[in-house]
Amino acid sequence: MAYSPATADQLLAIKINAGIAELAQSERFAAAEPDMVEAIVEGVGQFAAGEWAPLNRLGDLEGAKLENGVVRLPDGFEAAYAHYVEQGWNAIAGPPDHGGQGLPFTLACNVLENLGTANMAFTLLPILSVGAIEAIEHHGTPEQKAKYLPDLVSGNWSGTMNLTEPQAGSDVGALRTTATPIEEGEHVGQYRIAGQKIYITWGEHELAKNIVHLVLARLPGAPEGSRGISLFLVPKYHVKPDGSLGARNDLRPVSLEHKLGINASPTCVMSYGDSGECIGELVGEENRGLAAMFTMMNNARINVGNQGVQIGERATQQALAYARERIQSARAGAADKSPVAILEHPDVRRMILRMMALTQGARALLYYTAGQIDRGTLGDADARSRAEICVPLLKAWGTDIGVEVASLGIQVHGGMGFVEETGAAQHWRDARIAPIYEGTNGIQAADLVTRKLGLEGGAALTGLLEQIARESSGEPMLFALAGECAAVAHWMREEASLDDRLAGSVPFCTMMAVAVAGWQLTRQLAAIEGGEAPGIVDTKRAAVRFFLDRIVPEAIGLKAGAIGGAGGLYTLSAEQMVG
């Protein structure tokens, strides 16, 4: 199926939810004028549809392969990535001092949305690079920035994030990778890195000229747990003082994971220092590596939430095309008993509208979050706090709806969705990783009910809900949802134990995400009634009404689970549960 960029809906979300015109009034983002924004959104959509989308099915069928220590991608990937770099898409929001265009993060999100809708597995490559740029820009020395950022910003080099180890899983504090200071010789002042990392996305490949690995490791005598972790920059090829590449560093891919989906993305087991000569540089302060890595992870969590939008859009387009063409049975309530396209049947209509509403709701939340990030960059402390609240909502709910929408897409196809020939199954297989990586969705919900619930003494979250309530007086269900979210938040802060909060964290996270997404959709609805996006008025109106009338009430019903407490989860002992 051909991929058609959702340009009109993206431009609406960028204008209304991100507030791009307001951002462009600042000196920093003055270049984000309407003509520039439209050119970027339309241009990257065309590029993604023309060069990355045709590789999506090929990448799924052939996948990445490890041959004699070298990762190979199917034909076409190298050229498509080279064109991506040549056209400057990687540099959209990069720092101008190092070759970036310095445009709002909102527009970088749009680049990734289009690329990821065209080819989710491929787009993991620039997603990780963007995160590496963030980490080095915020925590690197001036020398490290000058040495590594220009080629990372351009996309000539790519970046990775190395946290997980076989024995540690989500408990990053249990890592065993070591970093030993070098006290003499060529690499004095640097560190010898030794250890193994798993699940390293795009950990090895030949598309970029160098790979900059950001690796968590432990220094000698460091405190136990997460307090004793430092961050190190470990390049695939050493970089000479003049910026040219030297010999290969002592690191290698041990194997590629055999995965459910995203087969074109090489997920590597990486080994560092097999010969004792893996050289890395400290990034930031000793024993403060997790804080530095969280800069990269926070960026990645937004971009993974974006993947829910991406896969939702692609699955919806494919399901809609199939439902329009598949002729089967008469519509039960019609006088004419001739067979019709299945799109005419009520339940298929329900599924398609649900797919549209969820995807558009997640897109509204994505660009609202991105706009708050950009305002935080401009020094708006309230927006920075608002963004902190929205990140776990976007990552968790956005990826959950990506899975749901992809699953509905299979259902619309019926039996043809369960066989691989149609490609509908690929969207679900690709989507299923997103709720797991960059902190599982349970971890996102835990972050919401612990750290984010208490931001500014609780005022940040309360203020958000109060604004939603004020602006939703004309939508009774959304107004009620905002009130129920506020009641749950109060209970969690004032009455619940930590176990109780964690037990209700996932339903509360969903309630909050639906409330913010619904609020932002009402802003879109008001905008189209005022003349915005005339080409999508009818579909937008229908999708927003479905969201407000059906999805919002479902979220209200989650309150019982949010305040149910932990007691019911522990009526059985572990021994009783396993029999």
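**Arg-545 and its partner.** I looked up Arg-545 in this predicted model and found that Arg-545 counts as partly exposed because its relative accessible area is 29%. The side chain of Arg-545 meets that of Asp-549 in a salt bridge, with 2.9 Å from N to O. I noted that both residues lie in helix H19, four residues apart, which is about one turn of the helix. Asp-549 is also partly exposed, with a relative accessible area of 44%.

**Other salt bridges.** I searched the whole structure and found 30 salt bridges. One of them joins Asp-9 to Lys-540, whose closest N and O atoms are 2.6 Å apart. This pair links distant parts of the chain, since Asp-9 sits in helix H1 (residues 7-16) and Lys-540 in helix H19 (residues 537-556), 531 residues apart. Are Asp-9 and Lys-540 buried or exposed? I found both of them buried. I then followed the connections and saw that Asp-9 and Lys-540 belong to a network of salt bridges that also takes in Glu-113, Glu-313 and Arg-363.

I also looked up Glu-404 and Arg-354, whose side chains meet in a salt bridge of 2.6 Å, N to O. Here too the pair links distant parts of the chain, with Glu-404 in helix H11 and Arg-354 in helix H10, 50 residues apart. Glu-404 is partly exposed at a relative accessible area of 29%, whereas Arg-354 is buried at 13%.

**Lys-395.** I stayed with helix H11 (residues 381-413), where Lys-395 is found. Lys-395 counts as buried because its relative accessibility is 0%. Leaving aside neighbours within four places in sequence, I listed the contacts of Lys-395, among them Arg-301, Val-304, Tyr-437, Glu-438 and Gln-444. I also noted that the C-alpha atoms of Lys-395 and Ile-133 are separated by 20 Å, with their positions 262 residues apart along the chain.

**Helix H13.** Why is helix H13 (residues 424-431) described as largely enclosed by the rest of the structure? I found that seven of its eight residues are buried, so the helix is largely enclosed. The buried residues include His-427, Arg-429 and Asp-430. They pack against helix H4 (56-62), helix H7 (120-139), helix H9 (289-325), H11 and helix H12 (415-418).

**Ser-129.** I moved on to helix H7, which holds Ser-129. Ser-129 counts as buried, with 1% relative accessibility. Apart from neighbours within four places in sequence, Ser-129 is in contact with Trp-157, Ser-158 and Gly-159.

**Two positive phi values.** I checked the backbone next, keeping in mind that most residues other than glycine have a negative phi. Asn-68 is not a glycine, yet has a positive phi of about 55 degrees. Asn-68 is placed in the loop between strand E1 (65-67) and strand E2 (70-72), and is exposed, with a relative accessible area of 82%. Phi of Ser-329, also a residue other than glycine, is positive and near 65 degrees. Ser-329 lies in the loop between H9 and helix H10 (346-377), and counts as partly exposed at 43% relative accessibility.

**Surface patches.** I closed with the surface, where Glu-33, Asp-35, Glu-38 and Glu-42 form a negative patch. Glu-33 has its place in the loop between helix H2 (20-23) and helix H3 (34-52). Leu-572, Met-577 and Val-578 make a nonpolar surface patch of about 350 Å². I placed Val-578 in helix H21 (residues 574-578) and noted that Val-578 is exposed, with a relative accessible area of 72%.

Conventions: Residues are numbered from 1 along each chain as its sequence is written. This is a predicted model: local features need pLDDT of at least 70, side-chain atom pairs count only at pLDDT 80 or more; totals for chains, interfaces and linings use all residues. Side-chain values use heavy atoms; hydrogens and water are left out. Patches are made of residues with over 30% relative accessible area and no salt bridge: like charges are joined within 9 Å, nonpolar side chains (Val, Leu, Ile, Met, Phe, Trp, Tyr) within 5 Å. Accessible areas come from the Shrake-Rupley method with a 1.4 Å probe; for residues, only the protein chains shown count as cover. A salt bridge is a side-chain nitrogen of Lys or Arg within 4 Å of a carboxyl oxygen of Asp or Glu. Lys and Arg count as positive and Asp and Glu as negative; His and the chain ends are not counted. The place of a charge is taken as NZ of Lys, CZ of Arg, CG of Asp or CD of Glu. Buried means under 20% relative accessible area, exposed over 50%, partly exposed in between (1.4 Å probe, protein chains only). Contact means heavy atoms within 4.5 Å.
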